[in-house]
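Me: I am new to reading protein structures and would like a close look at a single part. Could you walk me through it, and then show me what else is worth seeing around it?

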Number of protein chains: 2
Amino acid sequence: MGHDPISIIDGVVENPHFSNLRGLCQQLSEQTQVFVALGGGSVMDTTKVLAASSGDFKTVEAFLKGKVDAQNLSIKEIIAVPTTAGTGSEVTHWGTVWDPENDAKYSLSDTRLYPSAAIVHAPFTSQLPVSITISTALDALSHALESLWNKNRNPISAMFAVTASRAIIKSLPLLVQDPTNLTLRTKIQEAALMAGLAFSNTKTSIAHNMSYAVTLDKGVAHGIACSFTLPAIIAAVDRNDHELIGYITTIFNSSIEQASQKMAAFLKALDVEVSPNAYGYTRDEWQALIRDAAQGQRGQNFSGNVEQLISQF
Amino acid sequence: MGHDPISIIDGVVENPHFSNLRGLCQQLSEQTQVFVALGGGSVMDTTKVLAASSGDFKTVEAFLKGKVDAQNLSIKEIIAVPTTAGTGSEVTHWGTVWDPENDAKYSLSDTRLYPSAAIVHAPFTSQLPVSITISTALDALSHALESLWNKNRNPISAMFAVTASRAIIKSLPLLVQDPTNLTLRTKIQEAALMAGLAFSNTKTSIAHNMSYAVTLDKGVAHGIACSFTLPAIIAAVDRNDHELIGYITTIFNSSIEQASQKMAAFLKALDVEVSPNAYGYTRDEWQALIRDAAQGQRGQNFSGNVEQLISQF
């Protein structure tokens with residue numbers, strides 16, 4: 001970096017929330033010109049808030065709540081150095097912000113939030129515990145698949161998504177058996193980057209919209225919350241979206257029904273439960289949660305049949 | 001477009017050269033704010049020159065010859081609408097300019113030359129004659145492969161290149177048999193776009209450096225000049241570049257030796273001669289041309305063995 005950083009802010013929490021971010025923003029030096037985000041998805045999210053805050057969370061909060069325009073935000077340069085392989089935040093212009101007191105989740109969105117550079121280097125992830133390796137890689141897999149069953153899909157995003165999905169499905173089980181294998185770490189990290197490039201074109205879809213409630217209600221890690229639903233969602237994709245069917249059958253090398261089963265078996269082998277019951281939901285609660293998520297902006301991206309999704313539970 | 005264009009410039013020639021460009025620049029209206037490049041690679045190249053000229057070719061010529069800096073160029077916005085599937089120029093910041101009187105070829109290069117938007121739409125290519133369909137698609141295939149045996153290669157560029165190469169090798173022979181098939185046209189055009197995204201990361205390599213002399217000396221169409229050498233180049237790639245070997249064996253589903261033979265058979269089936277003799281070169285002339293190209297900037301990108309390349313002739 002040429003010189004020491006002006007300050008180091010290390011009080012980031014998982015799923016950054018309003019009260020934590022308020023305190024972190026106050027720690028900012030006015031001299032800060034460039035932010036280096038060294039960490040996982042929550043560090044990326046926090047850095048995006050800090051870079052947009054000018055040292056005061058109030059303006060960001062007002063922007064998140066739609067009370068002021070983007071022109072009120074002065075956004076500083078960000079360099080992203082991910083230490084997990086999942087978030088994709090190094091190539092998106094979004095940051096997720098939580099307000100658990102009000103049972104709400106916001107997306108900070110501005111094209112100036114694209115990092116100016118990202119250092120994507122597998123050795124930075126080599127010491128990740130297996131549990132976080134799994135949850136972050138599943139987040140990336142969800143990003144890839146969500147960009148496919150997405151009304152904003154395009155041929156370039158689809159190529160990233162198919163490549164990323166195949167790599168994660170192939171390499172993650174191997175990496176879990178051999179967590180220091182840098183070749184496998186590299187494959188997963190490249191896949192996470194490609195998944196990021198995919199959903200940076202499309203936004204996510206219904207799995208993510210459902211996951212926010214699961215994380216808020218039950219404290220389930222984001223990567224698990226946005227992926228345990230994937231088998232059911234695969235079974236509910238729009239059968240008339242022939243391109244989509246083609247992509248999914250390519251990824252799983254099987255029919256949609258078999259793809260759904262393969263996805264469930266893949267998750268179970270990673271000790272990820274696929275039943276909402278395992279996360280503390282009754283059938284009625286879960287069906288209501290799906291209906292609610294389907295109304296969300298990301299839920300409306302879904303190229304699939306919500307009733308068919310609900311009927312599986 | 002909302003209103004009629006300020007002017008229409010339609011005097012573009014294949015392989016735009018100094019004297020033609022001088023005349024076209026003089027036709028520019030000072031009011032022009034945005035350039036819409038509607039055509040193939042030569043139209044894209046010409047538009048990039050026009051957009052950088054401010055109505056006078058002199059500054060562009062001085063810049064190409066290294067006599068003035070980029071800051072002397074005022075570059076206007078470009079929207080690219082390709083009507084061939086090959087150039088990739090809609091996603092690069094380069095334009096090729098020829099000076100046949102001095103046996104020279106220049107590359108106009110400035111990041112402001114990236115088109116602000118590209119409309120990539122297969123029906124715009126549906127009336128292309130078969131011969132141009134072939135030569136432009138082979139240009140795209142050469143872009144893809146050249147970005148692989150390239151010292152500037154990265155995992156993202158490689159993914160674009162492998163995907164594009166496989167698509168062209170699979171779909172181009174089918175399209176030649178069925179030239180109005182829009183599904184095949186779309187596959188080739190998406191592949192050309194992906195190849196463009198690949199080599200926009202890496203620049204091209206030795207096949208292109210060799211091709212410029214072939215086009216200048218013998219008037220061979222660019223897409224043929226930069227692709228008839230591909231079988232020989234495949235046979236000369238660096239066997240210690242294991243990633244590269246992996247990419248090529250994935251594309252051709254065979255060993256390097258077989259890949260070289262498959263590439264030659266692919267070209268012959270399209271009536272493209274692979275011997276330099278067929279283009280009017282003696283063995284000595286051809287070996288000298290390779291040595292010369294290997295010294296060029298793009299030649300130096302080559303991850304391969306130049307002596308092995310030469311020894312094949």
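Does G66(B) count as buried or exposed, and at what relative accessibility?

Reply: Happy to help! Please keep in mind that this is a predicted model. G66(B) counts as exposed, because its relative accessibility is 59% and the cut-off for exposed is over 50%.

To find this glycine in the picture, look at the loop of chain B that runs between helix α3 (57-64) and strand β2 (77-82). A useful second landmark is R185(B), which is 119 residues away from G66(B) along the chain. In space, the C-alpha atoms of G66(B) and R185(B) are separated by 40 Å.

For a contrast, turn to D241(A). This aspartate is also in a loop, the one between α9 (230-235) and α10 (242-252) of chain A. D241(A) counts as buried, because its relative accessible area is 14% and the cut-off for buried is under 20%. If you set aside neighbours within four places in sequence, D241(A) is in contact with R153(A) and S303(A). With S303(A) there is a polar contact from side chain to side chain, at 2.8 Å. You can also pair D241(A) with Q295(A): they are 54 residues apart along the chain, and their C-alpha atoms are separated by 21 Å.

Now step back to where the two chains meet. Nine residues of chain B are in contact with nine residues of chain A. Together the chains bury about 760 Å², and 88% of that area is on carbon and sulfur atoms. On the chain B side, P155(B), I156(B) and M159(B) lose the most area to chain A, together accounting for 55% of what that side buries. Two helices of chain B, α5 (155-177) and α6 (182-202), each give two or more residues to the side that touches chain A. The largest share, five residues, comes from α5(B). Sorted by class, this side of chain B has seven nonpolar residues, one polar and one charged. The count of salt bridges between the chains is zero, and so is the count of residue pairs in polar contact, with both residues at pLDDT 80 or more.

One last stop is a stretch of chain A with a label from a database. In an unreviewed entry, UniProt lists residues 6-121 of chain A as "domain: Alcohol dehydrogenase iron-type/glycerol dehydrogenase GldA". That span is 26% helix and 22% strand, and its end C-alpha atoms lie 24 Å apart.

Key:
Residues numbered from 1 in each chain as written. Chains lettered and ligands numbered in written order. Predicted model: local features only at pLDDT ≥ 70, side-chain atom pairs only at ≥ 80, totals over all residues. Heavy atoms only, no water. Contact = heavy atoms within 4.5 Å. Buried area = accessible area lost by both parts, 1.4 Å probe. Salt bridge = Lys/Arg side-chain N within 4 Å of Asp/Glu carboxyl O. Polar contact = N/O pair within 3.5 Å; in protein donor to acceptor, adjacent residues only side chain to side chain. Helix = DSSP H or I, 4+ residues; strand = E, 2+ residues; numbered from the N terminus. Nonpolar A, V, L, I, M, F, W, Y, C, P; charged D, E, K, R; others polar. Buried < 20%, exposed > 50% of the residue type's maximum accessible area, 1.4 Å probe, protein only. UniProt positions renumbered as here; feature names shortened; annotations may be inferred.
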